Amino acid sequence: MAGVATSGRRRSKIAPYLMALPALAYLGIFFVVPFLSLARTSLSDTGGSVYLPTLTFAWDFANYTDALSHYRDQIFRSFGYSFMATMLCLVLAFPLAYVIAFKAGRFKNLILGLVILPFFVTFLIRTIAWKTILADDGWLVSALGTIGLLPDEGRLLSTSWAVIGGLTYNWIIFMILPLYVSLEKIDPRLLEVSKDLYSSAPRSFRRVILPLSMPGVLAGSLLVFIPAVGDFINADYLGSTRTTMIGNVIQKQFLVVKDYPTAAALSMVLMLTILVGVLLYTRALGTEDLV
């Protein structure tokens, strides 16, 4: 009996590791191995021809210094655009998520469905649609010009605001859903108590709703900011050469120029910068109740 009990305890200790093994194997194959390959490429030298380049590992850290010196503006622009898009998503998504969570009633599922519905359309098609809407001969430019909000010969397409608007539209769903889930967890009785204590609506928002919704704010901000930094489709279709983001540079270096070490070095810089930023951000806001 003692041997059976010992064997059972051993199996119970090993069981969690066996259950985690498939996930660890998946991460190892599809994350760790590509990451190490990318890091190795970023420190390699390029040889051969343009059509058939060869890579030689050489601990060439000059790839990083050259990449940062040549594409510093694109890196800062990417983070700036992504930050502004994240803030816009937060400002636009919070009222909608609040209405769905507290005011929608029996129409809650309908509104959620309407929010999600446009995102069944391909990312590329949605971006091209915005290119048509923002075109110089489009109805939006004409309407804004008629009411005096856009100067003569003014334009929306191929501007930084068009790129930021495209990022905001394409990624806002990832802000709405975490905010909605976080707000829905708030007990409505807490708002009633704050009213009974003669708290004004703005004060109730600052002291009750906003602190309790911070897990959704954190999750939504990360889900919007991280993919927006590396996005290249919006800048490619809605922007110009003056609004190029780092994603455009990496895409062209990999697929057009075929300067793999520079592209890999830029990718590593982007990933490590985002990682540091995420760690600092989550440390500041906390992750205990992250949805």
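What percentage of residues 79–102 is helix, and how far apart are the end C-alpha atoms?

1. In this predicted model, residues 79–102 are 100% helix and 0% strand, and 34 Å separates the C-alpha atoms at the two ends. An unreviewed UniProt entry annotates these residues as a "transmembrane region".

2. The UniProt record gives the same feature name to residues 17–39, 109–129, 161–181, 208–229 and 263–282. Of these, residues 208–229 are 95% helix and 0% strand in the model, with end C-alpha atoms 32 Å apart.

3. The largest nonpolar core comprises 32 residues, and Phe94, Leu167, Met175, Leu179 and Leu183 have the most contacts inside it. Two or more residues come from each of helices H3 (72–103), H4 (108–116), H7 (160–171), H8 (173–184), H10 (201–212) and H11 (214–229). Helix H3 gives the most to this core, with nine residues. A further core of 22 residues lies apart from it, including Leu43, Tyr64, Ala264 and Leu266.

4. Leu167 merits separate mention. Leaving aside residues up to four places away in sequence, Leu167 touches Tyr81, Ala85, Ala228, Asp231, Asn234 and Met245.

5. On the surface, a nonpolar patch is formed by Leu24, Tyr26, Leu27, Ile29, Phe30, Phe31, Val32 and Leu36. Together these residues have about 870 Å² of accessible area.

6. Leu27, one of the patch residues, lies in helix H1 (residues 2–42). Is Leu27 buried or partly exposed? The relative accessible area of Leu27 is 44%, so Leu27 is partly exposed.

Conventions: Residues numbered from 1 in each chain as written. Predicted model: local features only at pLDDT ≥ 70, side-chain atom pairs only at ≥ 80, totals over all residues. Heavy atoms only, no water. UniProt positions renumbered as here; feature names shortened; annotations may be inferred. Helix = DSSP H or I, 4+ residues; strand = E, 2+ residues; numbered from the N terminus. Core = buried A, V, L, I, M, F, W, Y, C linked by side-chain atoms within 4.5 Å. Buried < 20%, exposed > 50% of the residue type's maximum accessible area, 1.4 Å probe, protein only. Contact = heavy atoms within 4.5 Å. Patch = residues over 30% accessible without salt bridge, like charges linked within 9 Å, V, L, I, M, F, W, Y side chains within 5 Å. Areas by Shrake-Rupley, 256 points an atom, 1.4 Å probe, with all protein chains shown as cover. Salt bridge = Lys/Arg side-chain N within 4 Å of Asp/Glu carboxyl O.
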